[in-house]
Amino acid sequence: MQGYSEYEAALKSSRADFGDALKPFFAENDRKTLMLFWINFSSNGVGMTEPVEGWIHRAGENCLKLGFEKLGKYLCEHAAHEANHHHMMIKDTKKLVDTWNEIYNPKMDANELLRRPYRESVMRYRLLFDNYVNSETPYCQAAMEYEIENLSCTYGVESLNHVAKVLGKDFLEQLSFLSEHVKVDTWHTELNKKAITGLIESHPETLRHLIESGQQVLKTYSGFLTDCYYLSVSK
């Protein structure tokens, strides 16, 4: 576990920075702003979740080609678990917009929001995964997935609690994507932890790349959440 311990130590600062970036969101008690955040999160998040199954499967295939057989098989098998999760974000967007239109002006059109061009923060996230999946280090998919899914186990729970406090527990029914991932990502995180640990033990040379990709994905995802928040505040 020494290699995994080195990975955890190296990610400590990036995880702390991620938490600092979320402080304005968790301090937000304005109902309108918070509702707008989740509309922006869901509608823009479709572009970040739709490719996930493909990323994982391609990363697995490329790992197999490069001789990382155990991780490659795991990723190919795991890919199906992430299929069609963007449909939850589409559903959430439509429910959230319906609720917004009952309370606030100007009125919104969910389909129009979902047709918008991807924001720069979304494109940065997509490009990051595309680059790693198609590189000589496709195994970094495991580290990036580990960091993102681990957020559901920590900040995801905190987010649900914050929503319940400010918008009420009934509002949680409109956040199916977040609620579902809080439930299942504990298991996924453990699987990814085992995958990373096994990879480092059998291929110590991968540690540096795993650390770099883990740090980058946290910074990129933090940028997306910050974008969604300040886009909401500006309204």
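**Exercise 1. Find which residues Phe 41 touches once its neighbours within four places in sequence are left aside, then place Phe 41 in the nonpolar core.**

Solution. This is a predicted model, so keep that in mind throughout.

Step 1: Set aside the neighbours within four places in sequence, and Phe 41 is in contact with Met 89, Phe 177, Tyr 221, Phe 224, Leu 225 and Cys 228.

Step 2: Now look at the largest nonpolar core, which has 71 residues. Phe 41 is among the residues with the most contacts inside it, along with Tyr 7, Trp 38, Leu 71 and Tyr 221. The helix giving the most to this core is α9, with eleven residues.

Step 3: Put the two together: Tyr 221 is a contact of Phe 41, and Tyr 221 also belongs to that best-connected group in the core.

**Exercise 2. Work out how α9 and α11 are arranged, and which residues meet between them.**

Solution. Two packed helices are described by the angle between their axes and the distance between the axes.

Step 1: Get the geometry. Helix α9 covers residues 140–167 and helix α11 covers residues 207–233. They pack at about 40°, and their axes are 8 Å apart.

Step 2: Classify the angle. Angles under 35 degrees count as roughly parallel, so α9 and α11 come out as oblique to each other. The crossing of α9 past α11 is right-handed.

Step 3: List who meets whom. From α9 come Cys 140, Ala 143, Met 144, Glu 147, Ile 148 and Leu 151. From α11 come His 209, Leu 210, Ser 213, Gly 214, Val 217, Leu 218 and Tyr 221. Sorted by class, this contact of α9 with α11 has nine nonpolar, three polar and one charged residues.

**Exercise 3. Bring in α8: describe how it packs on α9 and on α11.**

Solution.

Step 1: Take α9. Helix α8 (residues 120–133) packs against α9 at about 150°, with the axes 9 Å apart. Tyr 125, Leu 128, Phe 129, Tyr 132 and Val 133 in α8 meet Cys 140, Gln 141, Met 144 and Ile 148 in α9. That contact has eight nonpolar, one polar and no charged residues.

Step 2: Take α11. The axes of α8 and α11 come within 8 Å and cross at roughly 160°. That makes the two roughly antiparallel, and α8 passes α11 in a left-handed crossing.

Step 3: Check the residues. On the α8 side you'll find Ser 121, Val 122, Arg 124, Tyr 125, Leu 128, Phe 129 and Tyr 132. Their partners in α11 include Glu 212, Ser 213, Val 217, Tyr 221 and Phe 224. By class, the contact of α8 with α11 has eight nonpolar, five polar and three charged residues.

**Exercise 4. Decide whether Ile 196 and His 181, in α10, are buried or exposed, and name their contacts.**

Solution. The cut-off to use: buried means under 20% relative accessible area.

Step 1: Ile 196 lies in α10 (residues 176–202). At 0% relative accessibility, it counts as buried. Beyond its neighbours within four places, Ile 196 is in contact with Tyr 4, Ala 142, Ala 143, Tyr 146 and Leu 210.

Step 2: His 181 is found in α10 too. At 6%, His 181 is buried. With the neighbours within four places left out, His 181 is in contact with Glu 82, His 85, Met 88 and Ser 152.

**Exercise 5. Use Thr 99 as a landmark: how far from its C-alpha atom are those of Gln 174 and Ile 196?**

Solution.

Step 1: Gln 174 sits in the loop between α9 and α10. It is 75 residues from Thr 99 along the chain, and their C-alpha atoms are separated by 9.1 Å. Thr 99 is also one of the residues Gln 174 touches, among them Asp 92, Lys 95 and Leu 96. Gln 174 is buried, at 12% relative accessible area.

Step 2: Ile 196 is 97 residues from Thr 99 along the chain, with 42 Å between the C-alpha atoms.

**Exercise 6. Spot the backbone oddities in the loops on either side of α6.**

Solution.

Step 1: In the loop between α5 (69–79) and α6 sits Asn 84. Its phi is positive, about 65°, although it is not a glycine. Asn 84 is partly exposed, at 45%.

Step 2: Pro 106 lies in the loop between α6 (86–103) and α7 (110–114). A cis peptide bond joins Asn 105 to Pro 106, with omega about -5°.

Definitions and conventions: Residues numbered from 1 in each chain as written. Predicted model: local features only at pLDDT ≥ 70, side-chain atom pairs only at ≥ 80, totals over all residues. Heavy atoms only, no water. Axes fitted to C-alpha atoms, helices over the stretch in contact; angles between N-to-C directions. Helix = DSSP H or I, 4+ residues; strand = E, 2+ residues; numbered from the N terminus. Parallel < 35°, antiparallel > 145°, perpendicular 65-115°, else oblique. Left-handed = near helix turned anticlockwise from the far one by under 90°. Contact = heavy atoms within 4.5 Å. Nonpolar A, V, L, I, M, F, W, Y, C, P; charged D, E, K, R; others polar. Core = buried A, V, L, I, M, F, W, Y, C linked by side-chain atoms within 4.5 Å. Buried < 20%, exposed > 50% of the residue type's maximum accessible area, 1.4 Å probe, protein only.
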